[in-house]
Amino acid sequence: MIPLGKLFRTTVFKVSLAYLAISAIGAGLVLGSVGGNIKILIDEQIAQTIDADISGLYEQFAQGGMSRLLVSIEKRSRRPGAQLYLVTNPEEEPIAGNVTGLPVGVMSRTGITETIYQPTDGSTERHWALARIFPLPGGYRLLVGHDLQEGETLRKILGGALLTSLFWLVVIGTLGGLWVSRRVLNRVDAINANARTIVAGDLSGRLPLAGTGDELDRLVQNLNAMLERISELMAGLKEVSDNIAHDLKTPLTRLRVAAEQALRLGKTPEDYRSALEKVLDESDRLIQIFDALLKIARAEAGAGREGMVDFNASAVTLDVGELYEPLAEEKGIVLRTTSEPNLCLRGSRELVGQAVANLVDNALKYGAVDNVADRTVYLQAARRCGNVEISVADRGPGIAEKDRTRVLDRFVRLENARSRPGSGLGLSLVAAVARLHNGTVRIEDNNPGLRVVLSIPLASMPMPAPAPLALAG
């Protein structure tokens, strides 16, 4: 059971109270405006009735003089629900009618006026009336009016309706606010409970969805996506730590063994020189591994986004092809490089170039082995469906379909690659660069061989057309 005080402190309840206050003010203004308009309408109708009655009485006066007017007023005054009538002499003394107790000076007014009066039926209660005073020849004055008690009753009814409406509005609004607050608080408490589990270290937990698609569900979806990404990063960090501990142990051991052998067995300067060369080779390999890890970490952290610029992916592709062409010729491999012109990307030219270089280096190492008849590597850049696709294809043994996702992880080296130099970080860097540029990496079958495609969205603003690009290879 949720404590009532906790419900009162919720934001939802406070918002409900705010809407309740606004609704109450709005209802009061509406009913007040309706009451005012009704009063104006009633007063206009009363004034029209009074004017019509005065016209009839004046006709009586015109036809029969004062005596006929007095007789007519006496008859009308005795009718049930009669209007208010009063005739006074020049000294403002009552001659005929059903009104007494008028304030001093009322009969001297002209036009429509509101006044207090006392009926002649013996009642001591004083009423309000709306009356018109009409001057007659000889200083006589005629008052014709209408009791406003009905209007007062109507206003009381409207006031009571307003108070009743406000009362039920407050009651229903408060109960509704508590009910909504309880529902929202239950969802928030469920989210908090799962969040405490996640904070305690269970990164596999996820926040619950209500399935309503409201703003809380959208917030939870984004938080779950964030937790999923954090979980992936933590798993990757653990895997990297394990892989570093495993893969760096061997070169460090070789460093120590080379140094121990030099100290124990070295007798000539040539022995020491050979040992130092081995140490330098292993040191270079370690530096390359750490450099690759640093680049991957920076790419996955988005460190390259602040320096992103528009650059020509065609020029980068051709530069990489030109750089690796001598190495390919040395190994007896044909490197064919082709590129469409004016392929504009926005990103890090250095990282994209490094990623393409890694793909070419892998193809030269593992895709054009000695027992392959077709020792050709294809480096291509083209525009496909709003993306720039840079692909490297070979005719080598390829990668089994079950391993094509796994090879993008850090320090993963397949069995047929363990006999060749490498750290298992090349494709990991390519995947990190692709994610940094909102792109993807696809590993496909080249029938035979392997085809790796780095796909990155084209820049929104195309670059000016450059001079025609030469093809390498």
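This passage describes the fold of a single chain, its helix contacts, its nonpolar cores and one of its loops, as they appear in a predicted model.

The chain contains nine helices and 13 strands, and of its 473 residues 37% count as buried. Among the contacts with a separation of 6 or more, 61% join residues that stand 24 or more positions apart. In the UniProt record, an unreviewed entry, the name "transmembrane region" is given to residues 12–31 and 157–180. In the model, residues 157–180 are 100% helix and 0% strand, and the C-alpha atoms at the two ends of this stretch lie 33 Å apart.

The largest nonpolar core is made up of 40 residues, and those with the most contacts inside it are Val-356, Val-360, Leu-379 and Leu-454. Two or more residues are given to this core by each of helix 7, helix 8, strand 10 (376–384), strand 11 (387–393), helix 9 (426–436), strand 12 (440–445) and strand 13 (450–457). The greatest share comes from helix 8, with nine residues. When neighbours within four places in sequence are left aside, Leu-454 is in contact with Ala-355, Val-356, Leu-359, Val-388, Glu-389, Ile-390, Val-430, Ala-434, Thr-440 and Val-441. A second core, separate from the one just described, has 17 residues, including Ile-46, Phe-61, Val-87 and Leu-136.

Helix 8 packs against helix 7 and also against helix 9. Helix 7 (residues 313–330) and helix 8 (residues 349–367) meet at an angle of about 35 degrees, their axes being 10 Å apart, and their crossing is right-handed. On the side of helix 7 the contact involves Ala-315, Val-316, Asp-319, Val-320, Tyr-324, Leu-327 and Ala-328, while helix 8 contributes Arg-349, Gly-353, Val-356, Ala-357, Val-360, Asp-361 and Leu-364. By class, the residues of the contact of helix 7 with helix 8 comprise ten nonpolar, one polar and three charged.

Between helix 8 and helix 9 the packing angle is about 145 degrees and the axes are 9 Å apart, with a left-handed crossing. Here helix 8 takes part through Leu-351, Val-352, Gln-354, Ala-355, Asn-358, Leu-359 and Asn-362, and helix 9 through Gly-426, Leu-427, Leu-429, Val-430, Val-433 and Leu-436. The residues of the contact of helix 8 with helix 9 are nine nonpolar and four polar, with no charged residues.

Helix 9 is largely enclosed by the rest of the structure, because nine of its eleven residues are buried. These buried residues are Leu-427, Ser-428, Leu-429, Val-430, Ala-431, Ala-432, Val-433, Ala-434 and Leu-436. After helix 9 comes Asn-438, which has a positive phi, near 60 degrees.

In another part of the chain, Leu-102 lies in the loop between strand 3 (99–100) and strand 4 (111–119). Its relative accessibility is 21%, and since a buried residue must fall under 20%, Leu-102 counts as partly exposed. Apart from neighbours within four places in sequence, Leu-102 is in contact with Leu-86, Met-107, Thr-115, Ile-116, Tyr-117 and Leu-143. One of these, Thr-115, is 13 residues from Leu-102 along the chain, and the C-alpha atoms of the two residues are separated by 7.5 Å.

Note on methods:
Residues are numbered from 1 along each chain as its sequence is written. This is a predicted model: local features need pLDDT of at least 70, side-chain atom pairs count only at pLDDT 80 or more; totals for chains, interfaces and linings use all residues. Side-chain values use heavy atoms; hydrogens and water are left out. UniProt positions are given in the numbering used here, feature names are shortened, and annotations may be inferred rather than shown by experiment. Helices (H or I, at least four residues) and strands (E, at least two) are DSSP runs, numbered from the N terminus. Axes are lines fitted to C-alpha atoms, for helices over the stretch in contact, and angles run from 0 to 180 degrees between N-to-C directions. A crossing is left-handed if the near helix is turned anticlockwise from the far one by less than a right angle, and right-handed if clockwise. Contact means heavy atoms within 4.5 Å. Ala, Val, Leu, Ile, Met, Phe, Trp, Tyr, Cys and Pro count as nonpolar, Asp, Glu, Lys and Arg as charged, and the others, Gly among them, as polar. A nonpolar core is a set of buried Ala, Val, Leu, Ile, Met, Phe, Trp, Tyr and Cys residues joined through side-chain atoms within 4.5 Å. Buried means under 20% relative accessible area, exposed over 50%, partly exposed in between (1.4 Å probe, protein chains only).
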